[in-house]
Amino acid sequence: MGRPRKVLSEQAQKDIVATQAVIDDKTKDVQSLRGMRDTLPQDQKYWQFIYSKLIPIVEAYGFSRIDTPILESTSLFKRTIGTDTDIVSKELFSFIDKNGDDICLRPEGTAAVAKAYIEHGMFSEVQPVKLYYIGPMYRHEKPQDQRFRQFHQFGFEIIGDRSPILDVELILLVTELYKELGIGTPNVEINNVGCKKCRTEYKQALLSYYKSRRYKICSNCNDRLSRNPFRVLDCKEDRCIEAKEGAPNFVDYLCDECQGYFIKTLEHLDALKISYNLNNYLVRGLDYYTKTTFEIWSSNDKGGKHALGGGGRYDYLIEDLCGRDVPACGYAGGIERLIAAMKENNVVVPEKKKADVFLAHLGEQAKIKSLILFEELRKEGVTVAHNLSKNQLRSQLEIANKSGTRLVLILGQKEVLDGTIIIRDMDSGGQEVINFDKIPTEIKKRLEKLNQTHKEVNL
Ligand code: HAM
């Protein structure tokens with residue numbers, strides 16, 4: 001028989017609940033918000049690697065970098081992405097600021113780049129204007145696998161030309177980029193969603209197809225049917241995927257101009273030997289698309305649940321914002337999804353470079369002098385590791401050993417007075433005393449010799 005359980009008084013129970021609430025509240029303060037994540041030092045190497053490949057390629061293709069603000073007016077996205085899209089109707093991080101303005105964290109980059117193009121009068125530059133950006137985007141989505149509330153995109157926009165060769169240039173650029181990042185040849189899914197003219201007829205055909213199938217699709221899609229019927233084709237729910245088999249095909253409703261455009265696009269892709277999959281249901285989740293839409297899926301993402309990126313043509317977006325007819329096309333890729341694909345493909349990225357030397361100190365004077373030496377060596381291009389919090393030589397040598405640094409400079413009280421320093425080779429354990437003023441030249445000479453030996457061993 002166990003001990004009789006103590007019955008807690010009502011007040012005691014209330015106190016426990018109140019204490020727990022305080023603990024929960026305090027814990028919340030030291031946790032990231034839902035769907036937001038820190039990028040820790042150990043993951044930075046992936047980001048650095050991506051930038052090191054992305055920037056040279058995109059600049060070689062003639063793009064210039066643009067950085068737009070993270071906060072924008074909410075109406076910019078309502079007018080471009082569309083009020084009936086999920087991004088605007090459900091996912092905007094919007095709020096009224098202290099001046100009473102309705103503003104939001106940007107959910108994507110295209111509308112902001114279009115705004116910058118208009119605001120800075122880029123119409124007068126040589127067309128097309130090619131811009132790229134890298135940065136965080138915000139969507140208040142339900143966080144799940146590879147879907148975050150803060151995520152990062154790199155994006156490319158080509159503004160001021162309506163030729164299909166530019167859509168293809170974008171596809172070539174992104175497929176080559178993904179290949180260089182080591183994830184193999186990704187799948188290109190492509191469609192043409194027509195222009196204002198042919199969309200109306202297709203919309204009617206779609207509505208009449210779904211009229212008798214309303215009960216077969218999810219409640220979200222029933223809602224979408226009345227607000228934005230194209231979105232039904234985009235739904236990833238199994239029953240909606242099943243119901244769309246047999247739905248009318250966009251291609252059959254394209255006007256002559258859009259059909260000709262689509263054929264030219266595919267011919268250019270063939271000429272460049274870029275394989276693609278015709279995906280009649282690729283309508284994309286933003287309202288501004290016309291003609292070409294495309295997505296890039298990693299080779300093992302069969303249904304495009306975690307698309308690496310997407311894009312297409314948006315010939316009316318700038319006209320809708322400012323009245324000037326400026327056609328454009330673009331692409332944006334998700335960086336977190338790209339890193340997930342790189343990890344899945346076991347892509348080896350370069351580690352952070354090891355320091356050339358470790359600088360150890362012993363005593364207060366040596367600590368200060370070691371900082372002066374650190375700066376001097378840094379300016380000479382020598383990378384130096386040190387730990388000013390450790391005072392014992394043994395613990396500093398342990399750190400140097402763990403970091404794999406071959407050469408250690410030891411500056412003690414005696415050396416400070418003598419104007420010398422000790423160089424220790426961690427592999428042989430050998431030590432030498434040299435003149436303090438000769439360190440930069442001596443260190444560079446030794447590093448060169450070590451590099452030479454390393455190269456010969458690896459031949
Ligand atoms: P999007 O398809 O909405 O297009 O986003 C592009 C990519 O951003 C997605 O394919 C995905 O990799 C990533 N992404 C989107 N939402 C999330 C999320 N919640 N979590 C993680 N990654 C996400 C656009 O944004 C258009 N602006 C693309 C474009 C540029 N069209 C023309 N120019």
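This passage walks through a predicted model of a single chain, from its overall form down to a few individual residues.

Starting with the big picture, the chain holds 16 helices and 16 strands. Its radius of gyration comes out at 30 Å, whereas the globule rule for 459 residues gives 23 Å, so the chain is more spread out than a compact globule. Along the principal axes, the box filled by the C-alpha atoms is roughly 90 × 80 × 50 Å. Even so, 46% of the 459 residues are buried. The chain exposes about 24900 Å², and carbon and sulfur atoms account for 51% of that area. As for how the chain meets itself, take the contacts between residues at least 6 apart in sequence: 70% of these join residues at least 24 apart.

Next comes a pair of helices. Helix α2, covering residues 44-60, packs with helix α6, residues 164-180, at an angle of about 145°. The two axes lie 10 Å apart, and the crossing is right-handed. On the α2 side, the contact is made by F49, K53, L54, I57 and V58, while α6 brings in L173, L177 and E180. Sorted by character, the contact residues come to 6 nonpolar and 2 charged, with no polar ones. The spacing of several of these positions fits a general point about helices: an α-helix has 3.6 residues a turn, so residues three or four places apart point the same way.

Both of these helices turn up again around helix α12, since α2 and α6 are among the elements that cover its buried residues. Strands β5 (129-138), β6 (150-159) and β11 (328-334) also belong to that cover. Helix α12 spans residues 335-344, and 7 of its 10 residues are buried, so this helix is largely enclosed by the rest of the structure. The buried set consists of I335, E336, R337, L338, I339, A341 and M342. Just after α12, N346 has a positive phi of about 50°.

The surroundings of β5 hold a couple of backbone oddities. Ahead of this strand, in the loop that links α5 (110-119) to β5, sits P128. The peptide bond joining Q127 and P128 is cis, with omega at about 0°. On the other side, the loop between β5 and β6 contains Q146. Phi of Q146 is positive, near 60°, in a residue other than glycine. With a relative accessibility of 17%, Q146 falls under the 20% cut-off and therefore counts as buried.

A similar case is R284, which lies in the loop between β8 (277-278) and β9 (290-297). Its phi is near 70°, again a positive value in a residue other than glycine. R284 is buried as well, at a relative accessible area of 11%.

Last up is E189, a residue of strand β7 (residues 187-192). E189 is buried, with a relative accessible area of 4%. Neighbours within four places in sequence aside, E189 contacts N277, N279, L282, T293, F294, E295 and W297. One of these partners, T293, is 104 residues away along the chain, yet the C-alpha atoms of E189 and T293 are separated by 8.4 Å.

Terms used: Residues are numbered from 1 along each chain as its sequence is written. This is a predicted model: local features need pLDDT of at least 70, side-chain atom pairs count only at pLDDT 80 or more; totals for chains, interfaces and linings use all residues. Side-chain values use heavy atoms; hydrogens and water are left out. Axes are lines fitted to C-alpha atoms, for helices over the stretch in contact, and angles run from 0 to 180 degrees between N-to-C directions. Helices (H or I, at least four residues) and strands (E, at least two) are DSSP runs, numbered from the N terminus. A crossing is left-handed if the near helix is turned anticlockwise from the far one by less than a right angle, and right-handed if clockwise. Contact means heavy atoms within 4.5 Å. Ala, Val, Leu, Ile, Met, Phe, Trp, Tyr, Cys and Pro count as nonpolar, Asp, Glu, Lys and Arg as charged, and the others, Gly among them, as polar. The radius of gyration is taken over C-alpha atoms; the globule rule is 2.2 Å times the number of residues to the power 0.38. Buried means under 20% relative accessible area, exposed over 50%, partly exposed in between (1.4 Å probe, protein chains only). Accessible areas come from the Shrake-Rupley method with a 1.4 Å probe; for residues, only the protein chains shown count as cover.
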